[in-house]
Structure formats: C-alpha cells, structure tokens
There are 2 protein chains.
Amino acid sequence: MPVDRYHHGNLRSTLLEAGLTAARLGGPAALQLRDLATASGVSPSAVYRHFPDMAHLSAEVSRSAREALANAMQNAAKAVVEDPADAGIGAIRRLHAIGRAYIEFAEREPQLFDTAFMTAGAAPSCADDPSAWDVLIGALDDLVATGELHPSRRHDAPLIAWSAVHGMSGVLVRGMLPLPYLPEEAINATIAGVRDALQLRHPPEYAVTRT
Amino acid sequence: MPVDRYHHGNLRSTLLEAGLTAARLGGPAALQLRDLATASGVSPSAVYRHFPDMAHLSAEVSRSAREALANAMQNAAKAVVEDPADAGIGAIRRLHAIGRAYIEFAEREPQLFDTAFMTAGAAPSCADDPSAWDVLIGALDDLVATGELHPSRRHDAPLIAWSAVHGMSGVLVRGMLPLPYLPEEAINATIAGVRDALQLRHPPEYAVTRT
DNA sequence: CCTGAGATGTGAACATCGAACACATAATTG
DNA sequence: CAATTATGTGTTCGATGTTCACATCTCAGG
C-alpha cells in the first residue's frame, strides 16, 4: 500500500522503529540520521520535520529501549505462579524474576541495553517514564506487605537490588566478566547476593544445594 | 624548551595526556583526533605515526582511566589503619575502603569513569591490565586469610561486590539515582549491602546507628 | 469545486570528522 | 658525510549532521 507516495504517512514512528532495530543490532553507534532516513525510505532532511535534532531522536529510541526492559521485567513478574499456601513465597520469587529478567535482557540484547542507558549524565532524574525502577519498587512493597522484607530494610532495599542487578548487567554487556566465571553463575550469584543482603527466605527452586 | 621544533619529541605520551584531560572534562565524546592533535601542538595526520587508528588512541586513554581508578582503590586500601588487636577488622575496612573509593571516583570524575568503561562489548576479557578487579580479589583473599570471609562464600564474593559497586557507580554517573535518595546514602547502602551479602562483621566506625 | 495555507518531503549545499596520500624535515646509523 | 628511517605537514577524500530554498501533498473555508 505505501508505495511511491510523496508523503510517508507516519514517518515519526517509522523512524523510531528503524532506530530501535538499528540499536538492537549495532548499539548507540548505529543510530545515524542518514541510515535511519534511508531505512525509512526518506531523505535525510525529512527527519527534521519530526525531530529537532538527531540527539532527540536518539533519546526517544533510548527511552523505547528502557520501556522494553521494563516490559520484560513486568512479564517475568506476571509469569510467577503464586503458592496458595504461602503468599510471601510469590513475592520473593517475583523479585528474583524481575532481577533475572533485567540481567537476561542485557545478556540477550546487549546493544539495546547499551542504548537504553547511553545518556551521559544528561537526565536529571529517572522519573520521566514508568521504568524498571517502578517495577522494582512494586516488588519490594509486595515483600513488605507479605511480611517477607523487614520494614527497616525497605528504605535501602531498592538501592541494593538496583545497583547489583544493573551492575552485573553492565559487566556482562561489556564482556567484563573475568574467567573462569560464566554468565549463568554470575547471574545466580547476583540474585542470591541481593537475597542475602535483604535477608529474604530461600524459595525452594532457588536453593543453592540440591543434591 | 620545546618550542618550534619540527619534531615533537614524545608525541605519543602527550597525546595520551591530552586525551585523559579531554576525557575528564567531556567524556568519550570529547576524544576527537583533531582536538587532541591541536592540543598537542601538532597536525592531525601526525597522530597516525603513533596510533594506527583513533579507536586505538581512545582505547589507550580508556585503559589509563581504568588504571587511575585502580590506583584510587589501592591508595584507599593503603590508608586504612590496622587494628593491632584484631587483624580481621583491617581486612574488612579495606574492602569497604576500596568499594567506597570506586564509587567516589565515579562520582568525582563521572566523565572519566564513563571513558574507563566505554568499550561496547569489544574486550573479550578484563585480564589485560592490573585492574580494579585484581585489587578486589586481593582484598577478598585477605578476608579469607583472616577468617572474616567463609571460604564457601569466596567464589561468588567478587561477583557480588563488583556488580553492586560498579552498578551504583553507573547509576550515579548517569544521574539515575531517583529522589529522594542522596548519593551519600546510596554509597553507604551499597557498601552495607555487600557487607551483609558476604556476612561480614560491622566494623565500629561504619556502624549504622551511633546516637 | 476551488484555492491558498500549513504540513511534510527533496536536493543541494556547508562544516566537521576520521582517514589516506605524497611530501618535508629531523634523527640515526654505517 | 651519506642514506635510511622516523616523525610531522598539507591536501584531499568520503561520511556525517545540519541548514535552506524549493517541491509536493493535505485540508479547511469561500
């Protein structure tokens, strides 16, 4: 249908889509105005009708990447099955699930993860969009509500969880994990570390020793 | 002395120095061949006599930044005073010190920290240089030697400490710390989280409540 | 049904960037 | 002293983001 029309129709969203695809494959460096314009079947100057700047386009793509990350976490949390006999176990498993989803997103889509957090000290706060942070806050509130997390630990809990999970993601994305460690055990160690730091129970399927 | 000479003398180190200064002020984006050449009082093409590529120059500057970080950690560890009555306390305090030094380096020199870890999945391993990782390993071995860290926790310990400290650094550098948290308490929370995850003692001066 | 105004896309510029080349100059070595 | 190597210059090239005059489409109001 959209062939040979002088006007594109919805160039803005097409550019963002092309940007997301390019970022997934080549990271922030692949976000180039001329490439995205060509991929959208349009001349370079047309971009400026929808974005004041290449930086603004990149920022929007980065925001989309953060959204995709938050969605991955949310989906992982929803996939956790509740234990009817023990409400707290579900909350603990959800925290594990979102942490694991975060790191595995970084491992699965390293370039996109890099794009998500490429802003160099620009953003004054993270409060612009419903983000991974909010998903984490929700999970921690659940833990307090079910009595699994002591309220005195609630204040620092997001900082501990966020820094550990975000840090391990960055390590994996940059290929900075030294030998002989493997990504799989690194992820498990990080999740377990957060659990121990927050003094949470060990839910059955995440028991370290099984024998 | 070095005026109006056709040959610079030691252009390579001058370029690296200029690169480090530029990175400290403007981050990876400020590492531009022409600027560094001009700052070194030399024509752009001269750079290629000492580096095959701009990417190689940037990589060297990045390596220098990682070195500066490792030095900051090492110095912080050396500044810890031993307790003659309790050898273990010193080891615990050294772990705290190097973690704090890492994060505070990122806070003090965000652009340089960004430059230190700018490589996008390029490096296959981190084993190229005596790095922050080695300082961490040394501190953890000390903890085991003094009986403060249980040997069974030694294996995962570097992953836990590294991810948490590196992650909080990234959060602070990118200005991603949400309100109402302050950098100071975020740093304390991260250090305390690592300590709890590794089940270490609380050394006196880092006691949370003092009254 | 026009018709003109605003929205959207094009093409040809320009400045700047990393890079490549031939050439100039210094340092070193036999 | 001669010649080979090392190091720096000047010019040029392709690619990139950006701008501007112009072209084309859309659509509301006579």
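In this predicted model, B:P180 sits in the loop that links α8 and α9 of chain B. The peptide bond between B:L179 and B:P180 is cis, with an omega of about 10°. Chain A has a cis bond as well, joining A:L179 to A:P180, and here omega is about 5°. A:P180 is found in the loop between α8 and α9 of chain A. These bonds deserve a look on screen, for most peptide bonds are trans.

A further backbone feature comes after α9. In chain A, this helix is followed by A:Q199, whose phi is positive. The value is near 55°, and the residue is not a glycine. A:Q199 belongs to the segment after α9 of chain A. Is A:Q199 buried or exposed? It counts as exposed, because A:Q199 has 12 C-beta neighbours inside 10 Å, and a residue with 12 or fewer such neighbours is classed as exposed. In chain B, the segment after α9 holds B:Q199, again a residue other than glycine with a positive phi, near 55°. B:Q199 is likewise exposed, since 12 other C-beta atoms lie within 10 Å. As general background, most residues other than glycine have a negative phi.

The helix that leads up to A:Q199 can be checked with a little arithmetic. α9(A) has 15 residues, so at 1.5 Å a residue it should span 21 Å. The expected span is taken as 1.5 Å times one less than the number of residues. The end C-alpha atoms of α9(A) are 21 Å apart, in agreement with that expectation. Many positions along this helix are buried: A:A186, A:I187, A:A189, A:T190, A:I191, A:G193, A:V194, A:R195 and A:A197. Which elements cover them? The cover includes α4 (87–108) and α8 of chain A, and it also includes α8 (157–173) and α9 (183–197) of chain B. The buried residues of α9(A) are thus covered in part by elements of the other chain.

That leads to the contact between the two chains, to which chain A gives 38 residues and chain B gives 37. On the side of chain A that touches chain B, the elements giving two or more residues are α5 (110–116), α8 (157–173) and α9 (183–197). The largest share comes from α8(A), with 12 residues. Sorted by class, this side of chain A has 23 nonpolar, 11 polar and four charged residues.

How are the two copies related? Two copies of a chain are related by a rotation about an axis and a shift along it. Here, a turn of 180° with a shift of 0.0 Å along the axis lays chain A on chain B with an RMSD of 0.1 Å. This is the relation of a two-fold axis. Both copies use the same surface, as 97% of the contact residues of chain A recur in chain B.

The model also contains DNA strand C, which has 19 residues around it. Those that come nearest are A:H8, A:S43 and A:S45 from chain A, along with B:Q32 and B:M54 from chain B. The elements that contribute two or more residues to the surface near DNA strand C are α2 (33–39) and α3 (54–78) of chain B. By class, the residues of this surface comprise nine nonpolar, seven polar and three charged.

Methods. Residues numbered from 1 in each chain as written. Chains lettered and ligands numbered in written order. Predicted model: local features only at pLDDT ≥ 70, side-chain atom pairs only at ≥ 80, totals over all residues. Near = placed C-beta within 6 Å. Helix = DSSP H or I, 4+ residues; strand = E, 2+ residues; numbered from the N terminus. Nonpolar A, V, L, I, M, F, W, Y, C, P; charged D, E, K, R; others polar. Least-squares fit on C-alpha atoms with pLDDT ≥ 70 in both. Contact = placed C-beta atoms within 7 Å. Buried ≥ 20, exposed ≤ 12 C-beta atoms within 10 Å, placed from the backbone.
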